[in-house]
Structure formats: C-alpha cells, structure tokens
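Student: I've never looked at this one before. Could you walk me through it, one question at a time?

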Amino acid sequence: METKDKKWIVGQGSHIYFPQDTSKIMFQVILALLPASAMAVYVFGFDALKVLLIGVISAVAVEALIQKYLMKTPVTIGDYSAALTGLLLALNLPAGSPWWMVCIGSLIAIGIGKLAYGGLGQNPFNPALVGRVALLIGFPALMTDWSVTGGYLAELYRKIPAEALTTATPLGFIKAYSGSNFTADLVAYFNSYSINLKTLFIGTTSGSIGEVSELALLLGALYLIYKKVLNWEIPAAFIGTVGVIAMAAYYLKPQAMLLPHYHLFSGGLFLGALFMATDMVTSPFTFRGRIVFGIGCGVLTMLIRLYGGYPEGVSFAILLMNIFVPIIDIYIKPKRFGV
Amino acid sequence: MAFGLKTFSRGGIHVDDRKYSHESAIEKIPAPKTVVIPISQHIGAPAKAVVTKDQAVKIGQIIAEKSGFISANVLSPVSGVVKAVEARMTPTGFKQDCIVIENDMKDEYFEAFTAVAPSAEVIEKLDVSGAVKAVEKAGIVGMGGAAFPTSVKLSPPPDVKIDTVILNGVECEPYLTADARIMIEDAEKIVAGLALIMKIFSKNGPVKGYIGIEANKPDSIQKMSEAASKYKDIEVVSLALKYPQGGEKQLINAIVGRDVPSGKLPSAVGCVVQNVATAASIYDAAVNNRPLIERVVTVTGMGVKKQKNLLVRFGTMFTELIDYCGGVTDDAAMLICGGPMMGKALQTSEVPVTKAVSGILVLTQNEANLYEEAPCIRCGRCVDVCPMGLQPGMINKVIDAGDYDKLEELSLLDCIECGSCNYICAGHERLVQKIKIGKVKLQEILKARKEKEAQLKKEDKK
C-alpha cells in the first residue's frame with residue numbers, strides 16, 4: 001500500500017513499553033515459588049503435591065466461574081494472578097489438608113478476598129492470606145495438624161521417632177505450654193537441641209508446606225529482586241525487625257525465650273515477608289512507605305508470637321498492616337523535585 | 001555504562017536506546033514541489049499570515065509574523081508562489097492554518113547571506129547586540145521538540161542573572177539520532193553558537209558553558225570536545241544513559257546540581273538550556289544572516305525500510321520522507337511524530353515537517369504499545385521512576401474517580417509528561433494522557449478560585 005493512504009493506529013504515548021507487565025510479573029512470581037514447591041514435595045511427599053495442585057486449580061476455577069456466571073465480566077485467569085493466589089494459599093497449608101478445605105480456602109481467597117472488592121488491584125487484603133486466616137479460624141485443628149504420610153519427613157520419623165516431636169514447630173510447642181511449668185524446660189530443650197540453623201534454613205522440618213525451606217524461598221526471591229519484580233525493602237525491614245526483637249527478647253530473658261534463629265527460620269516469616277507482604281496490590285506505593293510497612297509487619301508478628309494467642313503471627317501481622325496501606329500512602333509521599 | 005558519570009538524581013528509566021540510524025550520515029533531500037507551512041509551529045501565540053494567494057515569495061521571506069511576546073516568525077523555505085492559506089492537517093494531529101507554497105525550484109533568497117565559517121575568533125569579534133533580533137527575525141524556536149521561541153529565551157527579564165548556558169545534546173528519546181549526527185557533522189558551528197549565547201549573557205558577569213551528551217554517543221562527544229577545546233569556559237559533560245535526561249530540569253540537575261524550583265523556569269537558578277541544533281541555527285542567523293528553513297529529521301523505527309537522518313526543508317510531507325527511506329514494511333502499525341516516549345501518534349503521513357519535528361518514527365506491531373489498559377496492580381514502579389517525584393498511579397485513580405479537588409495536593413502541574421510512568425506501567429495504563437486531562441481540570445479549578453478571590457476583593461473594597 002502507498003504510504004500516503006495508510007491508516008495508522010493512533011494511541012496515547014509513551015508508544016513503547018516495558019515488557020514486564022502484569023501477567024509476566026505474576027508468572028515470574030509463580031516461577032520463583034517453584035523451588036519452595038519442589039522442596040515441599042521433597043519434604044512432605046505426595047500430600048504436598050496434591051495440596052499444591054488442588055490449590056492452583058481450585059483458585060483458577062473459582063475465578064473463572066465467578067467471573068463468567070456471577071459477575072458476567074471478562075474472565076481474567078490469563079493474567080496468572082488467580083493461579084498465584086492459589087499457589088500461595090497452598091504453600092501456607094499443612095501437608096495433610098483435605099481437598100475440600102483447600103477448595104474452601106480458594107473460594108474465600110478469590111471470591112471474598114479478591115473478586116468481591118472488584119478484582120485484581122482493588123483488594124485491600126492479600127487474598128491468599130484472607131483464605132488462610134479464614135481456614136485457621138474455621139478449622140484450627142486441621143490447620144495445625146503436622147502429621148505426615150510421605151516424603152523425607154515420614155522417612156525420618158520412621159527411622160528416629162523422637163524427631164517427630166522435635167521437628168514439629170517449636171513456636172507452636174512454646175505457645176501451647178506457655179505459662180506452664182514446662183516452659184523453661186521446653187525452651188532449654190529447644191535451645192540446646194540440635195535443630196540447628198542449617199536444618200531450619202534448608203527446611204527439612206515440619207510446618208506449612210511452603211514455609212519450611214528458607215533456602216528455597218530466598219533463591220526464588222533473589223531471582224525476583226534481580227528481575228526487579230520484587231522490592232527488597234519490605235522483606236529486609238520485616239525480617240530485620242523480627243530479628244532485632246527476637247534477639248532483644250532472648251538476651252533479656254534467655255531462660256524463657258527461644259533462640260532468635262527459631263523466630264527467623266522455623267515459622268512462616270520468610271514465606272510471608274518475601275512473597276506475601278510484598279504483594280504489590282496490598283503494599284505501599286513508595287520506598288519509605290514500604291520500609292514503614294515492613295517494620296510494622298515485623299513488630300506485629302513478634303507481638304503476636306510473644307504475647308498473642310497464636311503461635312504464629314505473620315499472617316495476621318500482614319493483614320493488619322494491609323489496613324494501614326492507604327494511610328501510609330497518604331502520609332508518606334515521594335520527595336518531589338525542586339521543592 | 002561507565003561508573004561515575006553524571007546523571008540526574010531522582011527517578012528515570014533505563015530504556016534500550018535503539019539508535020539504529022546513528023551511523024547514517026545526514027542526507028539532504030531535494031526540496032518538494034509544494035510545501036505546507038503551518039503558521040503555528042511554536043509554543044505561544046500563532047503567527048499572523050502576511051502573504052496572500054498568488055503572491056510571489058522568496059526563501060527567508062517572512063510569510064507569517066510573530067504576534068505577541070511569546071510567538072515566532074514563520075519564513076518561506078522555498079521560492080515560489082503562495083497557492084493557498086487554508087486549514088491543513090499538521091503534525092499536532094489537528095487541522096491548523098497553513099500557507100501552501102508552490103516551489104519554483106529556483107531557490108532564490110529574499111536577503112543576501114554570508115558563509116563565515118565558525119571559529120572562536122569570529123565570536124570574539126562579533127557584536128552581539130543585534131543577535132537576539134536576528135534570531136527573532138530568522139524565526140528560530142527550540143528544535144529539541146518543545147519549540148519555545150528562542151529569542152524569548154535569550155532575553156530574560158533584566159533582574160534575572162544567567163551564569164550558566166547548557167547545550168542539550170542528550171537526545172534521550174530512543175530511536176532519534178538527528179542531534180547526534182549534527183554534533184558529529186557540524187560540531188564547530190554548534191560550539192560557536194554556544195559561545196555566542198554565552199556572550200549575549202556575559203554583559204552581566206562571567207558565563208560558563210556546558211554541553212551535555214549521553215555516553216552512548218562517544219563519537220559525538222569526541223567531535224564536540226575537539227571543537228570545545230578551542231574556547232574558554234566550555235566543557236563537554238559525558239552523562240550516564242538515563243531517560244529523561246534531556247528534560248531541562250533533569251539536565252540542569254545532572255550537570256550543575258541545581259534544582260529548578262517547582263513552577264519556575266531554569267532562569268530562576270541562573271541557567272539557560274538550548275538544544276544543539278538550535279545553537280547551530282542561532283549561529284547561522286546572527287553571524288551569517290541565514291534564515292531557518294530546514295532541519296535534520298530522523299526517519300526510523302523497524303516499520304520503515306531504511307533508517308536515515310535527512311536534512312529537510314520545512315513543509316515537506318512526512319510521506320515523502322518515508323518513501324525516500326524505501327517506504328514502510330508490511331507490519332508497520334504506528335506513525336509517530338517525534339520520539340517514542342513523548343511523540344504524538346498520527347493518523348496520516350500527509351502532514352508537513354515543522355520546526356519541532358525531530359523524528360518520524362514508524363513502529364511495527366511488535367514495537368508499539370498496542371495493549372489494552374489493564375487494572376493498576378499498585379506495583380509502584382510509576383512512583384519509583386517519576387523524575388519529578390510525583391505519584392502517577394495515585395493521580396490516575398483520582399482522575400478516574402472524578403475527584404478533581406485532590407489534584408492540587410498531588411502537584412501534577414509539575415509533571416513534565418516524559419512518559420516514564422507510562423512506559424513502566426505493568427497495566428499498560430496511559431498515565432500521561434490521564435495527567436494531561438487532570439492538568440486541564442486543575443487549571444480550571446485554579447482559575448475559578450482566582451476569579452472568586454478577585455471577586456471577593458472587589459466586594460471588600462466596596
């Protein structure tokens with residue numbers, strides 16, 4: 001065709017774009033969670049794989065069905081955000097979670113946590129955490145049942161049955177016996193016992209399937225930070241704050257407090273700080289805002305762990321800080337040029 | 001990127017520079033049979049047409065006179081006969097009054113001109129008292145894209161003291177290479193132009209000159225440094241690659257570390273910034289009495305067969321330039337006047353080259369942002385990259401909600417519309433477009449408030 005007669009597409013600038021858009025961001029986060037997922041399957045066996053698959057499939061199905069039949073809006077499962085929510089939810093569950101509980105979690109996460117607010121970008125709370133906390137409140141026994149039927153742990157427990165006791169979450173034990181005469185003994189036991197830093201860090205211990213291996217989580221997160229998908233401010237502030245408070249608590253009362261590395265590596269801190277608190281939709285806009293958010297998450301986590309009714313506070317801390325995001329965004333603004 | 005190069009301090013993006021046409025030497029293309037000259041090619045009041053149909057004109061003859069303080073003359077780029085004064089499509093995307101001239105191909109000039117070669121001695125001997133007038137007569141405007149009348153920039157209010165003149169050779173828009181080529185091929189003239197501008201301001205005290213060039217143009221830096229070495233007080237500054245370094249405020253910040261206050265002009269911090277091509281035109285006008293009738297235009301993008309830098313008479317149709325470069329490819333999708341970041345998408349190539357057209361960009365389907373807008377996922381990248389420290393995502397939400405009262409505290413009048421937020425947006429949201437709408441709304445609010453205050457004052461006096 002003659003140049004003269006060509007009808008050109010008209011659009012608003014800029015006319016070129018940064019290739020890393022929403023679906024690519026979501027997809028890369030899913031990729032970055034694969035090491036942790038693989039570790040889950042290694043440690044917990046087929047059960048973990050089942051939970052992961054049901055989590056992802058049910059979340060995607062819930063989003064598609066609600067959008068198609070209830071909301072009658074375009075189905076947006078192609079942006080991978082539902083799959084990511086499902087995966088994150090599954091990683092936050094015990095290996096023995098029954099299939100129907102995972103499905104209920106997905107329904108709450110996607111249906112109430114995300115779509116009820118208007119879909120992607122509109123939700124104030126991290127959807128996967130909404131799902132997890134709903135299950136934690138609704139099915140407390142199932143959500144803290146750390147029994148395993150396969151994988152590395154089952155093998156370990158068969159060989160050394162004592163491990164079944166000690167590798168179950170130390171934070172949970174301390175909370176369960178808090179105030180009793182056993183506390184000091186338990187603390188002394190954990191603090192002297194050889195569940196060392198390395199074991200906790202690599203993740204051949206018990207817990208939610210995705211939280212055990214800090215190594216695998218860090219690998220994924222470093223990839224995302226390198227790709228500039230993830231910010232480092234929130235994890236650094238979050239984990240740093242937990243570390244500082246745990247250390248202060250330990251040195252103030254060493255006979256009643258677990259060693260700081262239990263607080264850092266034996267719970268859901270890394271999964272929460274690296275992949276849940278950093279959820280773009282539910283964290284602040286600005287650098288300084290993200291630092292404040294991270295510190296807030298850290299303080300709340302430790303308050304809940306040390307004084308609250310639950311052994312683990314990461315999920316609640318992040319959800320509570322989610323509430324403050326709009327306020328943080330109003331009061332902490334970027335530094336303007338020439339002002 | 002070499003470590004330790006200067007750059008601006010806040011925000012900015014790293015874009016693949018795609019300078020495909022960098023090696024292609026400037027080619028002069030023949031003047032067309034007909035030129036179409038818009039009477040408004042600059043920021044400010046449109047010029048007033050002073051020719052009528054069938055009138056004979058010569059090269060450099062003023063065909064539309066500046067009208068108002070911020071305005072610029074429009075000159076005939078060819079000799080020939082005026083065929084019409086009528087509304088035609090222009091690169092602004094709108095129809096504007098244009099003077100259509102049929103070229104008689106004789107290239108007769110209206111006034112005699114000289115061809116004094118640029119050198120330090122020429123500038124030293126030159127009486128610059130008439131220079132600003134010459135620049136005004138020649139119809140020179142900023143050639144970097146904003147097209148602000150240059151004579152206005154060269155005559156600041158008497159209480160303003162200028163101690164720094166910065167030449168903008170950054171050309172931070174991806175794809176464009178016109179300025180880079182001019183710096184390679186015409187360095188002496190550009191530097192002489194800078195010395196001339198410095199001399200204009202030196203009556204109030206010493207003036208230092210800088211030429212800012214990004215490090216992706218080592219050959220431009222070398223040629224300009226050679227030329228600059230013959231002058232005192234002129235320094236070529238090699239800058240790290242970062243967009244939008246060519247923004248006036250960003251460039252001043254990068255080179256001399258001064259921050260132009262919000263709502264103020266560069267002169268508030270003693271600086272004047274001129275584009276390199278403008279400096280060369282200033283030299284030609286003030287020394288040689290040559291009118292501004294042509295400019296270098298980069299024709300580029302993967303959608304055009306050959307990427308070139310062309311020396312073009314004003315009024316030449318985009319179509320002719322594109323066809324001179326072998327025409328468009330089958331997957332060509334978008335036609336942009338200017339660079340990909342701040343340029344304007346056009347519906348048709350039947351628009352003329354004006355003083356502000358630095359590039360014609362033909363983007364293929366793969367290159368162009370043809371995505372639909374998707375929801376904001378609050379990734380915050382727009383805030384990170386904004387060189388003015390604004391919150392584009394927040395502004396977007398406020399405008400979507402029609403909450404215009406909140407716009408003032410979001411300081412969106414500071415926005416330089418560089419498009420960095422737009423480029424980085426994960427949802428492909430057209431943030432600049434939204435901000436432009438917001439600016440109009442905010443200005444309406446501010447105007448209404450001012451009127452109300454004036455009204456109240458009046459009533460108080462009664």
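Tutor: Sure! A definition to start with: two strands count as paired if DSSP finds at least two bridges between them. Keep in mind, too, that this is a predicted model.

Student: Okay, let's use that on chain B. How many bridges pair β4(B) with strand β7 of chain B?

Tutor: The cut-off is at least two bridges. β4(B) and β7(B), the latter covering residues 80-89, run in the antiparallel sense. One position to look at is Ala56(B), which stands opposite Val81(B) in β7(B). The number of bridges for this pair is two.

Student: Which strands stand at the edges of the sheet that β4(B) belongs to?

Tutor: That open sheet has four strands, paired antiparallel, in the order β2-β8-β7-β4 of chain B. An edge strand here has a single partner, so one of its sides is left without a neighbour in the sheet. The ones that fit are β2 (34-38) and β4 (56-57) of chain B.

Student: Now for β7(B) and β8(B). How many bridges do they share?

Tutor: They pair in the antiparallel sense, and Ala87(B) stands opposite Asp97(B) in β8(B). The two strands form a hairpin with five residues between them. The bridge count for β7(B) and β8(B) is nine.

Student: Which residue in the turn of that hairpin has a positive phi?

Tutor: Look at the five residues between β7(B) and β8(B). One in the turn has a phi of about 95 degrees, and that residue is Gly93(B).

Student: What is the bridge partner of Ile37(B) in β8(B)?

Tutor: Strand β8(B) spans residues 95-103, and five bridges join it to β2(B) in an antiparallel run. Follow those across from Ile37(B), and the partner in β8(B) is Ile99(B).

Student: Is there another sheet in chain B to look at? Which strands are at its edges?

Tutor: Three strands form an open sheet in the order β3-β5-β6 of chain B, with antiparallel pairing. The edge strands have a single partner each, so one side of each lacks a neighbour in the sheet: these are β3 (48-49) and β6 (74-75) of chain B.

Student: And which residue of β6(B) is the bridge partner of Ile62(B)?

Tutor: Strand β5 of chain B, residues 62-65, pairs with β6(B) in the antiparallel sense over two bridges. Start at Ile62(B) and cross to β6(B), and you land on Leu75(B).

Student: Helices next. Are α11(B) and α13(B) parallel or oblique to each other?

Tutor: Their axes come within 9 Å and cross at roughly 60 degrees. Angles under 35 degrees count as roughly parallel and 65 to 115 as roughly perpendicular. The crossing therefore makes α11(B), relative to α13(B), oblique.

Student: How many nonpolar residues does that helix contact have?

Tutor: On one side, Pro392(B), Ile395(B), Asn396(B) and Ile399(B) of α11(B) take part, and they meet Leu431(B), Lys434(B), Ile435(B), Ile437(B) and Gly438(B) of α13(B). Sorted by class, two are polar and one is charged, while the nonpolar ones number six.

Student: Over in chain A, are α2(A) and α13(A) roughly parallel or roughly antiparallel?

Tutor: Helix α2 (residues 34-44) and helix α13 (residues 214-226) of chain A pack with their axes 7 Å apart, at an angle of about 160 degrees. Angles over 145 count as roughly antiparallel. The two helices are therefore roughly antiparallel.

Student: Which helix gives the most to the side of domain 1 of chain A that touches domain 2 of chain A?

Tutor: The assignment splits chain A into domain 1 (22-143) and domain 2 (169-331). In their contact, 29 residues of domain 1 of chain A meet 28 residues of domain 2 of chain A. Several helices of chain A each supply at least two residues to the domain 1 side, including α1, α3 and α4. The one giving the most, with seven residues, is α2(A).

Student: Last one: how many charged residues are on the side of chain A that touches chain B?

Tutor: The contact takes 33 residues from chain A and 58 residues from chain B. On the chain A side, 14 are nonpolar and 12 are polar, and the charged ones number seven.

Technical notes:
Residues numbered from 1 in each chain as written. Chains lettered and ligands numbered in written order. Predicted model: local features only at pLDDT ≥ 70, side-chain atom pairs only at ≥ 80, totals over all residues. Axes fitted to C-alpha atoms, helices over the stretch in contact; angles between N-to-C directions. Contact = placed C-beta atoms within 7 Å. Nonpolar A, V, L, I, M, F, W, Y, C, P; charged D, E, K, R; others polar. Domains from an automatic or database assignment.
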